[in-house]
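Hi,

Here is the structure I promised to pass on. Have a look at it first, and my notes follow underneath.

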Amino acid sequence: MNGRLSSVLEVTRDLVAARMGRGHPLYLVHALTARCNARCGFCAWNPDFYDPKDQLPTEAIKQLYADARRAGFVGLSVWGGEPLLHKDFEEVMRHAHDVGLITHIVTNGFLLERKLDAVIPHVDRVCVSLDHPSAAHDELRGIKGLYEHILSATRALRARAPDKQIVFVCTVQRANVDPSTLRELAEVMDGLGVLGIFNGLREEAATEGGDAGISKYAASQAELAVAYSTLRDLKDRGYPILNSYTHLDMMREGPPVYRCHWPKFMLPVEANGDVVDCMHWGTRPIGNVRETPFAELLASPRLRALAGAEGEACHKCVSIHRVEISEVSRGNLEPIRSWAMLRKPPRPLGEVRP
């Protein structure tokens with residue numbers, strides 16, 4: 001059996017097991033570092049839940065990845081902070097690949113081009129945040145020259161690794177909610193041959209009893225209805241928008257209402273080793289990998305509660321990943337047709353859409 005087919009069958013088996021309430025999550029979501037070179041006003045992590053100096057040492061990170069793979073995890077998503085700031089980024093990502101994890105990073109893109117030698121061999125999928133099709137993105141993210149760095153890095157990555165999966169992730173907010181900006185963003189994505197995801201603001205990460213100061217950046221529901229109608233039309237016309245029609249319609253019609261199945265599949269771990277309770281992000285960790293064996297953390301009653309009725313009753317999060325995983329889990333298979341776009345080779349640079 002070839003490796004690709006084996007991986008597909010393994011993921012399918014684990015998805016079925018998780019859906020039926022057996023086992024534990026299968027995808028590790030790790031904040032590699034709390035350090036960041038951006039200053040995004042709308043970032044819910046701005047209050048600094050964690051001291052950037054209190055991150056796991058490199059050997060502990062490698063042990064975490066090995067333990068996760070040994071427990072049956074199939075994938076790893078690395079973010080932060082800005083993961084490319086970690087001094088041992090290449091070492092830990094090489095280790096993740098070597099133990100057999102599918103690897104994925106989320107980056108602001110500023111350091112991407114200079115880190116390509118580390119990214120190309122050890123990262124399967126690259127997600128880059130892009131919120132505006134101009135230098136206005138620099139102001140939103142607080143890094144001068146960021147927009148041009150993203151364009152240059154994407155072209156360089158495409159040239160050196162044409163089959164690498166690249167996704168631009170746009171946070172839909174007041175600064176970009178107008179249809180003309182969204183159309184221009186879709187044009188940029190199409191021209192570079194990358195996929196695009198359009199997410200709502202990450203309300204789920206706000207501190208308890210507040211919104212971490214991000215509400216002032218949020219678009220109104222009326223604006224979101226127009227925005228997601230525009231994105232639906234762009235998707236219909238062939239632009240590379242990864243959001244499913246399910247997610248687009250939910251965001252267009254109002255805050256999504258669904259039964260959350262995300263904790264069945266994803267296990268978030270913060271930079272300091274805290275295993276996150278996603279209903280109390282940053283305030284009530286389930287445990288810490290420095291203090292408790294990984295296998296014991298997976299058996300936590302709280303994780304089982306999140307994967308059960310209590311977790312399913314929550315639908316606070318608006319992100320595509322929460323909504324679409326949950327919808328597929330309840331039997332709505334429409335999002336899978338959008339996910340299948342990831343298997344298509346990217347359009348060569350400069351090729352005109354028919």
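To start with the overall picture: of the 354 residues in the protein chain, 54% are buried. Keep in mind that this is a predicted model. The chain is made up of 15 helices and nine strands. Of the contacts with a separation of 6 or more, 75% are between residues 24 or more positions apart. The chain exposes about 15400 Å², and 54% of that comes from carbon and sulfur atoms.

Now the inside. The largest nonpolar core has 94 residues, and Tyr65, Phe168 and Phe198 are the ones with the most contacts inside it. Helix α6, residues 146-160, gives the most to this core, with seven residues. Apart from it lies another core of seven residues, including Cys127, Val167, Val169 and Ile197.

The part I spent most time on is the run of strands β4, β5 and β6. Strand β4 (residues 125-129) pairs with β5 in the parallel sense, over five bridges. Strand β5 (residues 165-171) in turn pairs with β6, again parallel and over five bridges. Between β5 and β6 the chain passes through helix α7 (residues 179-192), and this β-α-β crossover is right-handed.

If you want to check the register, Val128 stands opposite Phe168 in β5. Phe168 stands opposite Gly196 in β6, and Cys170 stands opposite Phe198 in β6.

As for cover, six of the seven residues of β5 are buried. In β6 (residues 195-199), five of the five residues are buried, so the strand is largely enclosed by the rest of the structure. Leu195, Ile197 and Asn199 point one way from β6, while Gly196 and Phe198 point the other way.

Two residues of β6 deserve a closer look. What is Phe198 in contact with, leaving aside its neighbours within four places in sequence? The list is Cys170, Val172, Leu182, Leu185, Met189, Tyr228, Leu231, Ile241, Asn243 and His247.

The other one is Asn199, also in strand β6. With a relative accessible area of 6%, Asn199 falls under the 20% cut-off and therefore counts as buried. A polar atom of the Asn199 side chain lies 2.8 Å from the backbone nitrogen of Ile320. Not counting residues up to four places away in sequence, Asn199 touches Val169, Cys170, Thr171, Val172, Tyr228, His247, Val318, Ser319, Ile320 and His321.

Moving to an earlier stretch of the chain, there is a cis peptide bond between Gly80 and Gly81, with omega about 15°. I flag it because most peptide bonds are trans. Gly81 sits in the loop between β2 (75-79) and α3 (89-99).

Helix α3 also holds Ala96, which is buried, with a relative accessible area of 0%. Leaving aside neighbours within four places in sequence, Ala96 is in contact with Tyr65, Leu76, Leu101 and Thr103. Tyr65 is one of the residues with the most contacts inside the largest nonpolar core. The C-alpha atoms of Ala96 and Gly75 are separated by 9.0 Å, with the two positions 21 residues apart along the chain counted as their spacing.

That's what I have for now. If you open the model, I'd go to β6 first, where all the residues are buried.

Cheers

Technical notes: Residues numbered from 1 in each chain as written. Predicted model: local features only at pLDDT ≥ 70, side-chain atom pairs only at ≥ 80, totals over all residues. Heavy atoms only, no water. Core = buried A, V, L, I, M, F, W, Y, C linked by side-chain atoms within 4.5 Å. Buried < 20%, exposed > 50% of the residue type's maximum accessible area, 1.4 Å probe, protein only. Helix = DSSP H or I, 4+ residues; strand = E, 2+ residues; numbered from the N terminus. Contact = heavy atoms within 4.5 Å. Areas by Shrake-Rupley, 256 points an atom, 1.4 Å probe, with all protein chains shown as cover. Pairing = 2+ DSSP bridges. Right-handed = clockwise from strand over helix to strand, strands pointing away. Polar contact = N/O pair within 3.5 Å; in protein donor to acceptor, adjacent residues only side chain to side chain.
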